[in-house]
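Subject: The structure, and what turned up in it

Hi there,

Here is the structure I promised to pass on, ready for you to open. Have a look around first, and then read on for my notes.

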Amino acid sequence: MPREISVNSENTVITIRKTLAESCGVATYKWLLDNLDLENEKYRTAFCNFYNVVGRSGAWRNAFFEVFIDCKNLKDNGNEVSIRTILQKLHEKDDIENFEISFATKMLAMLDTSKPIVDKFVKKHCELNFLNGGVFEARLENAVEQYELLEQLYKEFMNTENATNTIREFDSTFPEYTDISSVKKIDFLIMWKEKFNS
């Protein structure tokens with residue numbers, strides 16, 4: 001038995017926060033955002049792991065990142081990149097057969113951090129209603145409409161005291177990551193709420 005226990009509480013809190021940030025995905029997200037090297041296989045693997053890209057072929061991944069690179073170049077050259085643009089470009093790829101609203105929004109949100117993502121947690125929490133089948137044009141219009149609704153829901157929420165308090169709590173818990181966009185902080189909190197309360 002030790003005669004004395006000595007713990008540096010400040011270092012302990014930092015370690016706990018770092019561990020929490022890693023386990024909750026905040027640290028990985030920040031790394032992905034700060035190292036947007038879409039040609040790099042290590043980056044691509046980290047992106048796919050973070051966003052749970054499973055069951056996709058190498059051809060699918062290559063096609064997805066080709067669109068990602070194309071959209072990043074468009075944005076870097078001062079062009080607007082929208083959810084419509086990304087979905088149309090994904091649709092044009094032979095190796096991408098499915099309608100990829102979730103991955104399209106994740107691509108968009110990496111290029112513009114003010115944009116929310118759509119995943120199963122956000123769909124459930126915000127009661128979004130995306131078409132599951134049908135012709136591409138109808139699904140595209142539905143996706144754009146639902147995504148605009150999601151953006152409006154975020155805009156309305158961001159003007160509430162609840163949003164201010166929620167973001168303050170996030171920043172207090174993760175002081176090293178206060179520069180993450182407010183929208184992404186809410187994305188994380190929706191995911192955690194739906195994931196751990198389901």
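Below is what I found, going from the overall fold to single residues.

Before anything else, please keep in mind that this is a predicted model.

**The fold as a whole**

The protein is built from ten helices and has zero strands. If you walk along the chain from the N terminus, the elements read α-α-α-α-α-α-α-α-α-α. There are 198 residues in the protein, and 39% of them count as buried. I also looked at contacts between residues at least 6 apart in sequence: 59% of these join residues at least 24 apart.

**Where α3 meets α4**

One helix pair you may like to look at is α3, residues 41–50, with α4, residues 58–76. Their axes come within 12 Å and cross at roughly 105°. Angles of 65 to 115 degrees count as roughly perpendicular, so α3 is roughly perpendicular to α4.

Which residues make the contact between the two? On the α3 side they are Glu 41, Arg 44, Thr 45, Phe 47 and Cys 48. These meet Arg 61, Asn 62, Phe 64, Phe 65, Phe 68 and Ile 69 in α4. Sorted by class, the contact has six nonpolar, two polar and three charged residues.

The loop between α3 and α4 holds Asn 52, which brings me to the backbone.

**Two residues with positive phi**

Most residues other than glycine have a negative phi. Asn 52 has a phi near 55°, a positive value in a residue other than glycine. Its relative accessible area is 53%, so Asn 52 is exposed.

Glu 127 also has a positive phi, near 55°, and is likewise a residue other than glycine. You will find Glu 127 in the loop between α7 and α8. With a relative accessible area of 68%, Glu 127 is exposed.

**The second largest pocket**

The second largest pocket has a volume of about 200 Å³. Its lining is made up of His 125, Cys 126, Leu 153, Tyr 154, Phe 157, Asn 162, Thr 166, Ile 186, Leu 189, Ile 190 and Lys 193. Four elements each give two or more residues to that lining: α7 (120–126), α8 (136–158), α9 (161–173) and α10 (182–197). The largest share, four residues, comes from α10. By class, the lining counts seven nonpolar, three polar and one charged residues.

**Two buried residues in α10**

Ile 190, one of the residues that line this pocket, sits in helix α10. Ile 190 counts as buried, because its relative accessibility is 8% and the cut-off for buried is under 20%. Leaving out neighbours within four places in sequence, Ile 190 is in contact with Phe 121, Val 122, His 125 and Tyr 154. Of these, His 125 and Tyr 154 also belong to the pocket lining. Ile 190 and Lys 124 are 66 residues apart in sequence, while their C-alpha atoms are 9.7 Å apart in space.

Lys 185 is in helix α10 too. Is this lysine buried or exposed? Lys 185 is buried, with a relative accessible area of 2%. Its contacts, leaving aside neighbours within four places in sequence, are Ile 167, Phe 170, Asp 171, Tyr 177, Thr 178 and Ile 180.

**Two buried residues in α6**

Helix α6 covers residues 101–111 and includes Ser 102. At 18% relative accessibility, Ser 102 counts as buried. Not counting residues up to four places away in sequence, Ser 102 touches Val 118 and Asp 119. Ser 102 and Asp 119 are 17 residues apart along the chain, and their C-alpha atoms are separated by 5.5 Å.

Leu 108 is found in α6 as well, and is buried with a relative accessible area of 2%. Beyond residues up to four places away in sequence, Leu 108 touches Val 81, Ser 82, Ile 83, Ile 86, Lys 115 and Tyr 147. There are 40 residues along the chain between the positions of Leu 108 and Phe 68, with a C-alpha separation of 8.6 Å. Phe 68 is one of the α4 residues that meet α3.

Enjoy exploring the model!

Best wishes

Notes: Residues numbered from 1 in each chain as written. Predicted model: local features only at pLDDT ≥ 70, side-chain atom pairs only at ≥ 80, totals over all residues. Heavy atoms only, no water. 1 Å grid on protein atoms, 1.4 Å probe; cavity = no way out; pocket = protein on both sides within 12 Å on 5 of 7 lines; lining within 4 Å. Points joined across faces, edges and corners; volume = space filled by probe spheres on them. Nonpolar A, V, L, I, M, F, W, Y, C, P; charged D, E, K, R; others polar. Axes fitted to C-alpha atoms, helices over the stretch in contact; angles between N-to-C directions. Parallel < 35°, antiparallel > 145°, perpendicular 65-115°, else oblique. Contact = heavy atoms within 4.5 Å. Buried < 20%, exposed > 50% of the residue type's maximum accessible area, 1.4 Å probe, protein only.
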